[in-house]
Amino acid sequence: MSNVPNRCPLTAVEAIDTIEKLAGLFPAYRRAHAKGIGFDAKFSPNGCAAPYTTASHLLHQDTSAIVRFSHSTSNPNPTEQLVSVKGMAVQFQLPEGKVTNLTMVTIPVFITKTPEEFIQLLQLFTSDKRLFSQKLSTLKNNPNFHAAFTILKNIIPPKSFGTGHYYSIHAYYLINDQKQQQAVKFEWEPIVESKNQTENTSLFTNRNALEDDLLNRLKDGPVRFKLLIQLAQPGDSIDDSTQKWPDTREKICIGTLSILGRRADNAESQVFDPTIVPDGILCSDDPVLHFRAKAYAESAKRRQNSL
Ligand code: HEM
C-alpha cells in the first residue's frame, strides 16, 4: 500500500457523490464500469520477469485469476458502441488467500494528472449543455485538460473485448532479489488467433454485443493475452498518468493470460484495487493511482450495502 502523504484535498466520498449526481444512481452497481462480464483465467509466466522482480506470480508457476471486462460508463445498460473506453481487470489469486490486481483500460494515458481535475472534467462533460465540439475546444484551451483533448479527439472504441489492447497507465516499480528497482508500465496485448479472428458484426443491433462476441470466441478455445512490461529510462515521467513514454522504450513479454470460462458470479463481489501489490512490486507515487484505492473502496461499500 501507499506511503504517499495524503496531499489530495478531494475525498472519495465527495468523488463518488459527484459521480452519482452526474451519472445517475444505480445502487447495486459499480459507480464506474458498471456493466461487465467475469471469467476464470490462468496466467502462465515465461520467466522473462526474473531479472526484474521477486513477485512469484510473475516468475515460474501458473496462477489462477479472475478477469472482468467492462464498459467504462456508470450506466449499467449502456449503448455499448458509444462507450469509447473498455476495461480489463485481472485479479491474480496468490497463496494464502492473498490477491494482486492489474486494472487496465484501452487508452494508454489518463485524461487528467490529479483526481480533482478528473472530477472537474466529469462536471464539464455532463452538466455542460453545449455541443460536444464546444466542450472539446474548452479542453484544448486549458493546459490541465490538454491530454484529455488529445485522447478524446483520437479515441477509437474496440469492437471486441478479446482484441482490445489494455494499458495500466500508471507506473509501478519492479524490485528484484538485489533490491534494484525498475519502473515499468503493464499492458495486455491480445493474441488474435486465426480461429477467433471473426469480426464483431452485431455492434449496432445487439445491446450485449461485446459480451456475446467474447463468449462466441471462447467456444473455439481460450482467448489469450500477452502480459508486457514497458521499461522506463532515466528522465521518463513516473508519477504523471497523462504522460506516455516514448514508443522506443523496450517492451518485454513476461507471460500469457488465458481466459477460460465464464464465472457464475460474474465477478460481482470483486474489488480490483490497483494498489494491492505483493513483495517484488511497488506502486509509483502517481496521485491518481492512490486515489483509485479510496474511490473503489467507497464504491464497493455503497454497492454492497444496497444488495
Ligand atoms: C481519479 C480517477 C478514477 C476514479 C475516481 C475512478 C473510479 C472508479 C470507480 C468508482 C470504479 C468502481 C469500483 C468498484 O465498485 O469496485 C472504477 C472501476 C474501474 N476503473 Fe476507475 N477510476 C479512476 C481512474 C481509473 C484509471 C486511471 C483506470 C485505468 C488505468 C481505471 C480503470 C477502471 C476499471 C478497469 C474499472 C473496473 C474494475 C472492475 O471490473 O471492477 N480507473 N473506477
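Modeller: A residue counts as buried when its relative accessible area is under 20%, and as exposed when that area is over 50%. Keep those two cut-offs in mind, and also that this is a predicted model.

Biologist: Is Lys-35 buried or exposed?

Modeller: Compare its value with the cut-off. Lys-35 has a relative accessible area of 12%, so Lys-35 is buried. Its place is in the loop between helix α1 (12–23) and strand β1 (36–45). The C-alpha atom of Lys-35 is separated by 28 Å from that of Lys-244, a residue 209 positions away along the chain.

Biologist: And Lys-179, is that residue buried or exposed?

Modeller: Lys-179 has 68% relative accessibility, so this lysine counts as exposed. It sits in the loop between β6 and β7. Its phi is near 70°, a positive value in a residue other than glycine.

Biologist: Which residue in the loop between β9 and β10 can I set beside it?

Modeller: Take Ala-267, which is placed in the loop between β9 (251–262) and β10 (281–283). Ala-267 is not a glycine either, and its phi is positive, about 55°. With 0% relative accessibility, Ala-267 counts as buried.

Biologist: Now the helices. Which residues of helix α3 are buried?

Modeller: In α3, which covers residues 132–141, the buried residues are Lys-135, Leu-136 and Leu-139. When you look down the axis of α3, these residues fall within an arc of 100°, so they line one face of the helix.

Biologist: How should I read a strand?

Modeller: Start with the general pattern. In a regular strand, side chains alternate between the two faces of the sheet. Then ask how covered the strand is and what it pairs with. Strand β7, residues 181–191, is mostly covered, with 8 of its 11 residues buried.

Biologist: Which strands does β7 pair with?

Modeller: Begin with β5 (residues 166–167), which pairs with β7 in the antiparallel sense over 2 bridges. There, Tyr-166 has Trp-188 of β7 as its bridge partner. Strand β6 (residues 172–175) is also antiparallel to β7, over 4 bridges, and Tyr-172 is partnered by Val-184 of β7. Strand β8 (residues 223–231) runs antiparallel to β7 as well, joined to it by 8 bridges. Val-184 turns up again here, opposite Leu-231 in β8.

Biologist: What connects β6 to β7?

Modeller: The two strands form a hairpin with 5 residues between them, and Lys-179, with its positive phi, is in that turn.

Biologist: Where else is there a hairpin?

Modeller: Look at β3 and β4, which form a hairpin with 5 residues between them. In that turn, Glu-96 has a positive phi of about 60°. Strand β3 (residues 86–93) is mostly covered, since 7 of its 8 residues are buried. It is joined to β4 (residues 99–105) by 7 bridges, and the two run antiparallel. Ala-89 has Thr-103 of β4 as its bridge partner. Strand β2 (residues 63–71) also pairs with β3 in the antiparallel sense, over 7 bridges, and Ile-66 stands opposite Gln-91 of β3.

Biologist: The ligand contains an iron atom. Which protein residue is its donor?

Modeller: A donor is an N, O or S atom within 2.8 Å of the metal. Tyr-296 is the only protein donor of the iron, through its OH atom at 2.1 Å. This tyrosine lies in helix α6, residues 287–305.

Biologist: How many residues surround the ligand?

Modeller: There are 26, and the closest are Arg-30, Arg-68, Tyr-296, Ser-299 and Arg-303. For the arginines, look at polar side-chain atoms. A side-chain N or O atom of Arg-30 is 2.6 Å from an oxygen atom of the ligand. For Arg-68, the corresponding distance to a ligand oxygen is 2.6 Å, and for Arg-303 it is 2.6 Å. The elements that give two or more residues to the shell are β2, β3, β4, α2 (115–127) and α6.

Biologist: Which element gives the most to the shell?

Modeller: Helix α6 does, with 8 residues.

Biologist: What classes of residue make up the shell?

Modeller: The shell has 15 nonpolar, 7 polar and 4 charged residues.

Terms used
Residues are numbered from 1 along each chain as its sequence is written. This is a predicted model: local features need pLDDT of at least 70, side-chain atom pairs count only at pLDDT 80 or more; totals for chains, interfaces and linings use all residues. Side-chain values use heavy atoms; hydrogens and water are left out. Donors are N, O and S atoms within 2.8 Å of the metal (3.2 Å for Na, K and Ca); water is not among the atoms, so sites may look incomplete. Buried means under 20% relative accessible area, exposed over 50%, partly exposed in between (1.4 Å probe, protein chains only). The arc is that of the directions from the helix axis to the C-beta atoms. Two strands pair if DSSP finds at least two bridges between them. A residue is near a molecule or strand if one of its heavy atoms lies within 4 Å of it. A polar contact is a pair of N or O atoms within 3.5 Å; within protein, one must be able to donate a hydrogen and the other to accept it, and residues adjacent in sequence count only if both atoms are side-chain atoms. Ala, Val, Leu, Ile, Met, Phe, Trp, Tyr, Cys and Pro count as nonpolar, Asp, Glu, Lys and Arg as charged, and the others, Gly among them, as polar.
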